[in-house]
Amino acid sequence: NIKAGLIASFNRHEPVASAERVAQLAVDRLGKGILGLDVSGNEADFPAQPFQGVLCDAQQAGLYITAHAGEWGGAGNVAEAITNLKVDRIGHGVRVMEDPSAIELARQSAIPLEVCITSNYQSGVVSSLTEHPLPQMLSVGLNVTINTDDPRVSQITLSNEYRVACEELGLSLAALRGRVLAAAQASFLPAVEKQALVESLSAEFDRYISH
């Protein structure tokens with residue numbers, strides 16, 4: 001019973017005109033499998049600000065908006081994504097921990113941060129799995145979800161990431177349950193389907209833990 005939708009993506013190191021074409025293609029297919037629009041690419045050297053208008057127009061047309069931020073770029077990119085781009089989710093976001101003001105902004109907004117433990121280690125964002133800031137992010141009240149990034153590149157599964165979170169980073173099953181349900185709440189499903197997913201996952205988790 002897994003449902004899947006697509007998020008169209010453009011790179012911030014490419015021209016705005018290219019982003020406009022991708023956005024229009026996504027808007028034209030809204031309700032036909034495409035749910036959102038994402039800005040990714042080289043965040044260390046290219047700001048997302050030039051694409052603010054593209055993202056705003058797409059959001060007004062009904063698309064959900066995400067941005068890769070706080071992976072190769074610093075905490076300021078996370079703040080920019082929340083404040084200026086008005087995103088619904090942030091890919092990665094781990095470097096938010098470098099700036100207390102960005103932490104507080106992310107905490108107050110409750111923006112979902114799509115944390116990818118193994119990918120962050122493989123790409124060199126963190127020096128080891130055990131030094132990943134996921135526990136610290138949770139301790140300050142950030143809305144973290146646990147994700148694979150690109151499972152074929154990393155040669156992992158989502159179950160593997162749950163195992164790493166628990167065995168390498170010390171998450172309890174109760175904490176993991178909370179992150180799984182947070183991910184369901186952050187999905188771009190219609191409200192009724194989202195609630196059904198949350199209830200289903202909650203029941204499955206409770207059955208597992210009780211055994």
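Which side chain meets that of E98 in a salt bridge? Select R95: the two side chains meet at 2.8 Å, N to O. A salt bridge here is a side-chain nitrogen of Lys or Arg within 4 Å of a carboxyl oxygen of Asp or Glu. R95 is partly exposed, with a relative accessible area of 26%; buried means under 20%, exposed over 50%, and partly exposed in between (1.4 Å probe, protein chains only).

Before moving on, note that this is a predicted model, in which local features need pLDDT of at least 70, side-chain atom pairs count only at pLDDT 80 or more, and totals for chains, interfaces and linings use all residues. Residues are numbered from 1 along each chain as its sequence is written, and side-chain values use heavy atoms, with hydrogens and water left out.

Next, select R89 and E114. Their side chains form a salt bridge at 2.6 Å, N to O. R89 lies in strand β4 (residues 89-92) and E114 in strand β5 (residues 113-115), so the pair ties together parts 25 residues apart in sequence. Both R89 and E114 are buried. Helices (H or I, at least four residues) and strands (E, at least two) are DSSP runs, numbered from the N terminus.

Now go to D206 and R177, a salt bridge at 3.0 Å, N to O. D206 is in helix α10 (residues 191-210) and R177 in helix α9, so this pair ties together parts 29 residues apart in sequence. D206 is partly exposed at 38% relative accessible area, and R177 is partly exposed at 22%. The count of salt bridges comes to six.

Stay on helix α9 (residues 173-185). Its buried residues are L176, R179, V180, L181, A182 and A184. L173, also in α9, is partly exposed at 39% relative accessibility.

Move to helix α2 (residues 52-60), where V54, L55 and A58 are buried. They cover an arc of only 95 degrees around the axis, which puts them on the same side of α2; the arc is that of the directions from the helix axis to the C-beta atoms. Turn to the other side of α2 to find D57 and Q60 exposed.

Finish with the cysteines. The structure holds zero disulfides (pairs of cysteine sulfur atoms within 2.5 Å). Select C116: the nearest cysteine sulfur, that of C166, is 16 Å away, too far for a bond. C116 is buried, with a relative accessible area of 4%.

Key. Expected span 1.5 Å × (residues − 1).
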